[in-house]
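This report describes how selected helices pack and how selected side chains are placed. The sequence and the structure are shown first.

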Amino acid sequence: GGREGGEAPERGILRAAAMVLAKPELLSLGVTNSLYEAALHVFVFVWTPALERRGPRMLGSSGKNGGFTGGAESSGTPGAEASAVPHGLVFSLFMACKMAGSQLYMIIGDRVPAATILRAVFLGSTAVFAAALLVESYSFTLLCFCAFEFGLGLYWPAMAVMRAELVPNYLRATMTSVFRVPLNVLVMGCLAFAGNASEPSFLTMCVVMMGSCLFFTSGRRAGKGDGSLPPGSPRGIAL
């Protein structure tokens, strides 16, 4: 049993929240965790319309010859245009890219600090979302989204390592719950505007959130200007 065992849940949450606010490295970890995963939720909403708007088109039909009918892009009448984006294939490609990222982490994880990998993921994600926002090309946008999924495969194990190194064992479950609070607030805020926001607006949100993650992991250094790190802190995270 840990120190959380006999403690009321609300007291444990308050203690974890106080620790996050008191330790800049934990605050940075929580902010980046919330921003990145909020951007991931936004990406889930935006990738389909982004690819459909840029993707190939085909004529709809009344249901004969396997043509497209109905849907957001087709009225279901002969001659109407429908999206020809293979959503299932694209999703499978995303999962393959994420798996490739995880496999790469298995190769480099012992040699490259997790914080360095996270900074690279945040930088790359900022770049690919900005590129998708600026370039109106189906193939290029799909490539950008695949690159984001590849980075996602690197993110999960690297973030798990950072949590293991920074969060005490007896507070790990409670600390995860604390990190979920700003994440849920961000996601609900995005969903509240989902009906009125355009695809470029969602991509811009992703760029801003990824850029903020990069700022929080590289904007500050530990110590009082001497570049030293507190005992037990992994090198490279914003402190």
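## Oblique packing of α3 and α5

In this predicted model, helices α3 and α5 are oblique to each other, because their axes cross at roughly 40°, and an angle that is neither under 35 degrees, nor over 145, nor from 65 to 115 counts as oblique. The α3 helix covers residues 87-108, and the two axes come within 7 Å. The crossing of this pair is right-handed. Sorted by class, the residues in the contact of α3 with α5 comprise 19 nonpolar, 3 polar and 2 charged.

## Antiparallel packing of α4 and α7

A second helix pair is formed by α4, which spans residues 114-134, and α7, which spans residues 199-218; the angle between them is about 155° and their axes lie 8 Å apart. This angle makes α4 roughly antiparallel to α7, since values over 145 degrees are classed in that way. The crossing of α4 past α7 is left-handed.

On the α4 side, the residues that meet α7 are R119, F122, L123, S125, T126, F129, A130, A132 and L133. Their counterparts in α7 are P200, L203, T204, C206, V207, M210, G211, C213, L214, T217 and S218. The contact of α4 with α7 divides into 13 nonpolar, 6 polar and 1 charged residues.

## R163 in helix α5

Helix α5, the partner of α3 described above, runs over residues 138-166 and contains R163. Is R163 buried or exposed? R163 counts as buried because its relative accessibility is 19%, and the cut-off for burial is under 20%.

Leaving out residues up to four places away in sequence, R163 touches L29, N33, E37 and R172. With N33, the side chain of R163 forms a polar contact of 2.4 Å.

## R53 and F45 in helix α2

Helix α2 comprises residues 24-54, and R53 is located in it. R53 has a relative accessible area of 45% and is therefore partly exposed. Apart from neighbours within four places in sequence, the residues in contact with R53 are E136 and E199. The side chains of R53 and E199 are joined by a polar contact of 2.7 Å. As for E136, its C-alpha is 9.1 Å from that of R53 in space, while 83 residues separate the pair in sequence.

F45 also lies in helix α2. Its relative accessible area is 47%, so F45 is classed as partly exposed. Between F45 and E199 the C-alpha to C-alpha distance is 9.1 Å, and the separation in sequence is 154 residues. E199 thus appears in two descriptions here: as a contact of R53 and as a residue whose distance from F45 is given.

## Overall organisation

How many helices and strands does the protein have? The protein has 7 helices and 2 strands. From the N terminus on, these elements follow the order α-α-β-β-α-α-α-α-α.

Of the 239 residues in the protein, 40% count as buried, and R163 is classed as buried at 19% relative accessibility. Among contacts with a separation of 6 or more, 74% are between residues 24 or more positions apart.

Methods:
Residues numbered from 1 in each chain as written. Predicted model: local features only at pLDDT ≥ 70, side-chain atom pairs only at ≥ 80, totals over all residues. Heavy atoms only, no water. Axes fitted to C-alpha atoms, helices over the stretch in contact; angles between N-to-C directions. Helix = DSSP H or I, 4+ residues; strand = E, 2+ residues; numbered from the N terminus. Left-handed = near helix turned anticlockwise from the far one by under 90°. Contact = heavy atoms within 4.5 Å. Nonpolar A, V, L, I, M, F, W, Y, C, P; charged D, E, K, R; others polar. Buried < 20%, exposed > 50% of the residue type's maximum accessible area, 1.4 Å probe, protein only. Polar contact = N/O pair within 3.5 Å; in protein donor to acceptor, adjacent residues only side chain to side chain.
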